[in-house]
Amino acid sequence: MKKFYFSAMLLFLAISLNAQQQYRRSVKPVKNVIVMIPDGTSTGVLSIARWFQIYNELGGDRLNLDPYLCGMVKTYLSDAPVPDSAPAMSAYMTGVPSRRGRISTYPNPRPGQDIYPVDSAMAYQPLVTVLEAAKIEKKKSTGLVVTVPFCHATPAACASHHYDRGKYEYLAPQIAYN
């Protein structure tokens, strides 16, 4: 009986190792990256669109957008859990939570209200964005494609820096020359 269990265990192990090897394959290095950010679109918006499609019998429960959805990112402000588009996109592009209305700049501290540790010595400093890092570090060409005025908060956070999202006269030249 022990031989049977031992043989069965060896067989299971051999099958498991073979199955794992089947799914391992070399992956080519990534040459280019395209990031699509539909401003104002959340999981709730996508869910209601799917339900509308199902309810109205418009052809299944999948959106044309679904094959392109690859991941989710959690963003928040340095001092609040729910961001507006300027600091949300700034967090995507820089990895640092900022304050409401800020475009890729380090937040100033709000003692007692900050939910993210803030260094007062860094307040208002521009933060390097992913696009800038790709251009400087990897010598990549970068660009933005937008369906809104290009200095709105979401595209502006990719290629400019300012503590006031409404200062288009400062944001537009930075985007154009970046």
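User: What makes the contact between R99 and D79 a salt bridge?

Analyst: Happy to walk through it. In this predicted model, the closest N and O atoms of R99 and D79 are 3.0 Å apart. A salt bridge needs a side-chain nitrogen of Lys or Arg within 4 Å of a carboxyl oxygen of Asp or Glu, so the pair R99 and D79 qualifies. This salt bridge links distant parts of the chain: R99 sits in the loop between α3 and α4, D79 in the loop between α2 (43-55) and α3, and the two are 20 residues apart.

User: Why are R99 and D79 called buried or exposed?

Analyst: The cut-off for buried is under 20% relative accessible area. R99 has 14% relative accessibility, so R99 counts as buried. D79 also has a relative accessible area of 14%, and is therefore buried.

User: How do you know that D84 and R100 form a salt bridge?

Analyst: Here the distance sits right at the limit. The closest N and O atoms of D84 and R100 are 4.0 Å apart, and the rule asks for within 4 Å, so the pair is counted. D84 lies in the loop between α2 and α3 and R100 in the loop between α3 and α4, 16 residues apart, which again ties distant parts of the chain together.

User: Which class of exposure do D84 and R100 fall into?

Analyst: D84 has 18% relative accessibility, which is under 20%, so D84 is buried. R100 has a relative accessible area of 46%; that lies between 20% and 50%, so R100 is partly exposed.

User: What makes the meeting of D84 and R165 a salt bridge?

Analyst: The N to O distance between their side chains is 3.4 Å. That is within 4 Å, so the criterion is met. D84 in the loop between α2 and α3 and R165 in the loop between α5 and α6 (168-177) are 81 residues apart. At 29% relative accessible area, R165 is partly exposed.

User: Which residues are joined into one network by salt bridges that share partners?

Analyst: D79, R99 and R110 are joined that way. By the same distance rule, the count of salt bridges comes to five.

User: What makes D84 a cap for α3?

Analyst: A side-chain oxygen of D84 lies 3.3 Å from the backbone nitrogen of A86, at the N-terminal end of α3. A polar contact needs N or O atoms within 3.5 Å, so this distance fits. Just after α3, G95 takes a positive phi of about 85 degrees.

User: How do you know whether helix α3 is mostly covered or open?

Analyst: Helix α3 (residues 85-94) has eight of its 10 residues buried, so it is mostly covered. Among the buried ones are A86, P87, M89 and M93. The buried residues of α3 pack against α4 (130-137) and α5 (153-159).

User: Why is A91 in that helix called buried or exposed?

Analyst: A91, in helix α3, has 13% relative accessibility, which is under 20%, so A91 is buried. Leaving out residues up to four places away in sequence, A91 touches T75, V96 and P97. The C-alpha atoms of A91 and T105, 14 residues apart along the chain, are separated by 9.7 Å.

User: And the cysteines: how many disulfides does the structure hold?

Analyst: Zero. A disulfide would need a pair of cysteine sulfur atoms within 2.5 Å, so the structure has no pair that meets this cut-off. C151 is buried at 9% relative accessibility, and C158 is buried at 4%.

Methods. Residues are numbered from 1 along each chain as its sequence is written. This is a predicted model: local features need pLDDT of at least 70, side-chain atom pairs count only at pLDDT 80 or more; totals for chains, interfaces and linings use all residues. Side-chain values use heavy atoms; hydrogens and water are left out. Buried means under 20% relative accessible area, exposed over 50%, partly exposed in between (1.4 Å probe, protein chains only). Helices (H or I, at least four residues) and strands (E, at least two) are DSSP runs, numbered from the N terminus. Contact means heavy atoms within 4.5 Å. A polar contact is a pair of N or O atoms within 3.5 Å; within protein, one must be able to donate a hydrogen and the other to accept it, and residues adjacent in sequence count only if both atoms are side-chain atoms.
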